[in-house]
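Work through the following exercises with the model open beside you, and compare each step with the solution given.

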Protein chains: 2
Amino acid sequence: MEDRHRSGCPINLTLEVLGDRWSLIVIRDIMFGNRRHYRELLGRSHERIASNILSDRLKRLMDAGLLTRRDDPSHQQKAIYSLTEAAIQLLPLLVHMGAWGRRHRPVTPELAIRARLLEEGGPPLWEAFMDELRSLHLGAPVKGPSVLAGLQAAYEKVAAEQGIPTL
Amino acid sequence: MEDRHRSGCPINLTLEVLGDRWSLIVIRDIMFGNRRHYRELLGRSHERIASNILSDRLKRLMDAGLLTRRDDPSHQQKAIYSLTEAAIQLLPLLVHMGAWGRRHRPVTPELAIRARLLEEGGPPLWEAFMDELRSLHLGAPVKGPSVLAGLQAAYEKVAAEQGIPTL
DNA sequence: CAATCCGATTGCGTATTGCAATCAGTTGCC
DNA sequence: GGCAACTGATTGCAATACGCAATCGGATTG
């Protein structure tokens, strides 16, 4: 991206990569929504990212070493985007953002269910989730039950109880 | 700021407040640099924020309930900016950002000293620091020795050993 | 062979950013 | 008193980024 940095401060350097309104949304959708294709990222979020912005962010995140792109073997023209280890290690950051937002912003309760569960699970749950992400994105061996599926099931349970349409 | 949100997702709502290149830099400088005046924030950082951007960010952060502004009793035209409880609770997020940047970005070693100490200190140190911030910014009673001074001393010690100019 | 889906790209108007200069009022100093 | 320095900003302007809609060439599906 840039060779010239504003400063070598760790927080500043992190903001140079993630300090905009879309980069972390894209990573969130890949990480928690398991969205691996361009069209999935484009259409299925509440936030409705524009296609040119998505394209630009995918490029930037690849340049920054947070995403990789490979061809989908099942479809000649599909691409699969995967998280790198660096991106997987953003999980605690995203959990903290969710936790802070839950406390200090006007969140929609059903959209905060996953954030609450991840917060309550604490570092042990995060580690299990990160291991699962490594198996999904880096081809690492599967180590345990699916945290992702567990979060989704918990969400659907609460959603069903409250008559909320599943995303 | 905006009444219309892109979505009620906790991560998205957090990004609507903090998802730009300067907001967290301002909070970082107030929090870790104890910079409470406009001119201090304007001039003493490595990143050199422009005065109009700083002015705009201070306004937005006040609107978002992360900062308060009051008159400086010692100087008729000076203002003192303080963190709110919501902003103080961003500390773990900032520590995680620093930790991630330290591992995955080309940080300047001496600028990473505080980040390393806060990371190593873990939640107990963060709690102590947050208590100190509450006494500095919210007028809460002082509870223990100054974490801020400790970080600064540790930084100056390493800096002196390596002949690095103190900020 | 037509409709649909694929990952983008283009055009265009608006909003945000970066940079430098400037402002009016206050303070410190001699 | 007088003046330089300092206070928290504001203004003007150019460059960049964003948001939105339309579109693209190629591949797949029915």
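**Exercise 1.** Sort by class the residues on the surface near DNA strand C.

*Solution.* Count a residue as near if one of its heavy atoms lies within 4 Å of the strand. Take Ala, Val, Leu, Ile, Met, Phe, Trp, Tyr, Cys and Pro as nonpolar, Asp, Glu, Lys and Arg as charged, and the others, Gly among them, as polar. The surface then holds six nonpolar, ten polar and five charged residues. The model is predicted, with pLDDT of at least 70 needed for local features and 80 or more for side-chain atom pairs, whereas totals for chains, interfaces and linings use all residues. Residues are numbered from 1 along each chain as its sequence is written, chains are lettered from A and ligands numbered from 1 in the order in which they are written, and side-chain values use heavy atoms, without hydrogens and water.

**Exercise 2.** Find which residues come nearest to DNA strand C, and which phosphate contacts they make.

*Solution.* Of the 21 residues around the strand, A:R69, A:Y81, B:W22, B:N52 and B:R57 come nearest. Next, look for polar contacts, that is, pairs of N or O atoms within 3.5 Å. A polar side-chain atom of A:R69 lies 2.5 Å from a phosphate oxygen of DNA strand C, and one of B:W22 also lies 2.5 Å from a phosphate oxygen. Finally, of the strand's atoms within 4 Å of the protein, 59% belong to sugar or phosphate and the rest to bases.

**Exercise 3.** Count the disulfides over all chains.

*Solution.* With a disulfide taken as a pair of cysteine sulfur atoms within 2.5 Å, the count over all chains is zero.

Terms used
A polar contact is a pair of N or O atoms within 3.5 Å; within protein, one must be able to donate a hydrogen and the other to accept it, and residues adjacent in sequence count only if both atoms are side-chain atoms.
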